[in-house]
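Q: Could you pick one part of this model and take a close look at it? I'd like to know what is tucked away there and what surrounds it, and then how the rest of the chain fits in.

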Amino acid sequence: MEPAFALVIPGGSKLEKEPSIVEIVDTELENSPSRITLLREFPETRIGDRTLGPYRMGQEVELSLWIAQHLVQMGYARFKEEEQLTLNTLSTTHYRQTLPASNQIPELPRSFYFQLRRLIKDLKNLEVKDRTKARELDKALALGWDIVNLRVKKIASLGASGGQTTEVTSKLTLEEKALFEKVRQNVESWKKDILGSETTN
């Protein structure tokens, strides 16, 4: 018997306005491949014009993340450890951001903010059922905000200084690259307005 559940394809609405960089990144990453391990048998199931399964318990499969998330939420599978951001890995990332290594920006995984949003969302859902998760949620939010604030300061400074773009942006996530470009363009435009001519760095 096929499991009864509804899958909503991401990115299928809000055509009336231009999507934000977060929406663009989320849609791209939700459709990226993700590895899961089956915790129990999953029968062959049709979703639109595609077929999932059958999968056996213990089998490792690679699926689009938005499909994998549904199987995990339904208790059919779990994500591979390297596919998940945890409080421990978030703490490690935070530590690296606080090291006094000049003005360099430590490289972040391309999907870091996407995974951070997922972690916070998951903890909020767990907190509704288990109030002991409130402390974990508070910690994730505090670490997340601290990482964002530390990196935004460096990105704003580098964007305003007109540094070497390729060298700077190679360590930034897609969301951060968008911020860097906005800062750089706005500062250059402001300089030209002030001086009334082409500027030099």
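A: Let's go with α2, whose buried residues are Leu 65, Trp 66, Ile 67, Ala 68, Gln 69 and Leu 71. (Buried means under 20% relative accessible area, exposed over 50%, and partly exposed in between, with a 1.4 Å probe and protein chains only.) Helices (H or I, at least four residues) and strands (E, at least two) are DSSP runs, numbered from the N terminus. Keep in mind that this is a predicted model: local features need pLDDT of at least 70, side-chain atom pairs count only at pLDDT 80 or more, and totals for chains, interfaces and linings use all residues. Residues are numbered from 1 along each chain as its sequence is written, and side-chain values use heavy atoms, with hydrogens and water left out.

What sits over those α2 residues? The cover includes α1, β1, β3 (50-52), β4, β5 and α4. Once α2 has ended, you meet Gly 75, which has a positive phi near 85°. As background, most residues other than glycine have a negative phi, and most peptide bonds are trans.

Now the core around this helix. A nonpolar core here is a set of buried Ala, Val, Leu, Ile, Met, Phe, Trp, Tyr and Cys residues joined through side-chain atoms within 4.5 Å. The largest one has 19 residues, and the members touching the most others are Ile 36, Leu 38, Phe 42, Leu 52, Tyr 55, Leu 63 and Leu 71. At least two residues each come from α1 (21-30), β1 (33-38), β4 (60-64), α2 (65-73) and β5 (77-79). The largest share is α2's, with five residues. There is also a second, separate core of 14 residues, with Leu 85, Leu 87, Leu 116 and Leu 137 among them.

Some neighbours of α2 deserve a stop of their own. Tyr 55, one of those well-connected core members, is in contact (heavy atoms within 4.5 Å) with Leu 38, Glu 41, Phe 42, Val 61 and Leu 63, leaving aside residues within four places in sequence. Just along the chain, the Gly 53 to Pro 54 peptide bond is cis, its omega near 0°; Pro 54 belongs to the loop between β3 and β4.

Ser 34 is in strand β1, and its relative accessibility of 3% means it counts as buried. Beyond four places in sequence, Ser 34 touches Val 61, Glu 62, Leu 63, Leu 65, Ala 68, Phe 79 and Glu 83. Its C-alpha lies 8.0 Å from that of Phe 79, although the two are 45 residues apart in sequence. Then there's Ser 64, in strand β4, which also counts as buried, at 16% relative accessibility. Setting aside neighbours up to four places off, Ser 64 contacts Glu 30, Asn 31, Ser 32 and Arg 50.

Zooming out, the chain has seven helices and five strands, in the order α-β-β-β-β-α-β-α-α-α-α-α. Of its 201 residues, 34% are buried. Among contacts with a separation of 6 or more, 66% join residues 24 or more positions apart.

Since α4 turned up in the cover of α2, here is how α4 (residues 112-129) meets α3 (residues 87-98): their axes come within 11 Å and cross at roughly 135°. (Axes are lines fitted to C-alpha atoms, for helices over the stretch in contact, and angles run from 0 to 180 degrees between N-to-C directions.) The pair is therefore oblique; angles under 35 degrees count as roughly parallel, over 145 as roughly antiparallel, 65 to 115 as roughly perpendicular, and the rest as oblique. The contact uses Leu 87, Leu 90 and Thr 93 of α3 with Phe 112, Leu 116 and Leu 119 of α4. By class, that is five nonpolar, one polar and no charged. (Ala, Val, Leu, Ile, Met, Phe, Trp, Tyr, Cys and Pro count as nonpolar, Asp, Glu, Lys and Arg as charged, and the others, Gly among them, as polar.)

α3 also packs with α5 (residues 134-161), at about 30° and with the axes 10 Å apart, so α3 and α5 are roughly parallel.
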